[in-house]
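Please open the model in your viewer, colour it by secondary structure, and keep the selection panel at hand. The stops below go from the whole chain to one helix, then to its partner, and finally to two individual residues.

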Amino acid sequence: MDMATQPNLVTEPAGASPGAVLGGVRLLLRLEGLVLAAAAAAFYAHQGGSWWLFAALFLAPDVSFAGYLSGPRVGALVYNAVHNTLAPAALLAIGLVAGQPLVVEIATIWLAHIGVDRLAGYGLKYVDGFGFTHLGRIGRAAA
C-alpha cells in the first residue's frame with residue numbers, strides 16, 4: 001500500500017490546535033524555550049545588565065495581548081509579531097555591532113521572555129483564539 005492510499009493513523013487529540021506539535025517534538029520545543037531563557041539570562045548577566053531593568057521590561061512583550069481587543073485574527077498577528085525570535089535577534093545583532101549596551105539589554109530581555117513563554121507552553125497563536133498555539137491548546141494536558 002503506497003502513502004497516498006494508506007489510512008491516516010495519526011490523529012490529533014480532542015481540543016488540539018490544528019498543526020500543533022505533539023509528544024516528544026512538543027517536549028523538545030519547550031526545552032528549547034528553557035535553553036533560550038537560560039542562555040539569555042546568562043548572557044545578560046555576563047554583559048552586566050541591570051536586573052532592575054530586566055524585571056521592569058520582562059513582561060513588556062505581553063502588551064501585545066491588546067491586539068486581541070480587535071479580534072482573534074489581529075490578536076494572533078500582533079502577538080506572533082512580538083513573540084518570535086526574529087526581531088529580538090536582529091535587534092541584538094544591531095546592538096552588538098553598534099556597541100549599544102541598552103539595545104543589547106532590551107533584546108536579551110525580550111529573548112528571555114520568549115524562552116520562558118515557550119517553556120510554559122505559550123506558543124505562537126493561531127487565529128482560532130488565544131488558547132490555540134503551535135505547542136498545543138493552552139490549558140490542556142500535553143498529548
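Helices here are DSSP runs of H or I with at least four residues, strands are runs of E with at least two, and both are numbered from the N terminus. With the whole protein chain of this predicted model selected, you can follow the pattern α-α-α-α-α-β-β along the sequence, that is, five helices and two strands. Of the 143 residues in the chain, 34% are buried, and among the contacts with a separation of 6 or more, 61% join residues that lie 24 or more positions apart.

Next, select helix H1, residues 23–47. Its 25 residues should span 36 Å at 1.5 Å a residue, and because the end C-alpha atoms are 36 Å apart, the expected and modelled values agree. Just beyond this helix, Gly48 takes a positive phi of about 75°.

Now highlight Arg26, Gly33, Ala37, Ala40 and Tyr44, which are the buried residues of H1. An α-helix has 3.6 residues a turn, so residues three or four places apart point the same way. To see what the buried residues of H1 pack against, add helix H2 (51–57), helix H5 (101–119) and strand S2 (136–137) to the display.

Keep H1 and H5 and hide the rest. How do the two axes cross, and at roughly what angle? They come within 7 Å of each other and cross at roughly 155°; since angles over 145 degrees count as roughly antiparallel, H1 and H5 are therefore roughly antiparallel. Their crossing is left-handed. On the H1 side, the contact is made by residues including Leu29, Arg30, Leu34, Leu36, Phe43 and Gln47, while H5 contributes, among others, Val104, Glu105, Thr108, Ile109, Gly115 and Arg118. Sorted by class, this contact of H1 with H5 holds 14 nonpolar, four polar and three charged residues.

Two single residues complete the tour. Select Val25, which is found in helix H1 and which, at 46% relative accessibility, counts as partly exposed; then add Leu135, 110 residues away along the chain, and the C-alpha atoms of the pair turn out to be separated by 9.3 Å.

Finally, move to Leu96 in helix H4, residues 86–98, which is partly exposed with a relative accessible area of 46%. Leaving aside residues up to four places away in sequence, Leu96 touches Phe43 and Val104, and Phe43 of H1 and Val104 of H5 also belong to the contact between those two helices.

Terms used:
Residues numbered from 1 in each chain as written. Predicted model: local features only at pLDDT ≥ 70, side-chain atom pairs only at ≥ 80, totals over all residues. Heavy atoms only, no water. Expected span 1.5 Å × (residues − 1). Buried < 20%, exposed > 50% of the residue type's maximum accessible area, 1.4 Å probe, protein only. Contact = heavy atoms within 4.5 Å. Axes fitted to C-alpha atoms, helices over the stretch in contact; angles between N-to-C directions. Parallel < 35°, antiparallel > 145°, perpendicular 65-115°, else oblique. Left-handed = near helix turned anticlockwise from the far one by under 90°. Nonpolar A, V, L, I, M, F, W, Y, C, P; charged D, E, K, R; others polar.
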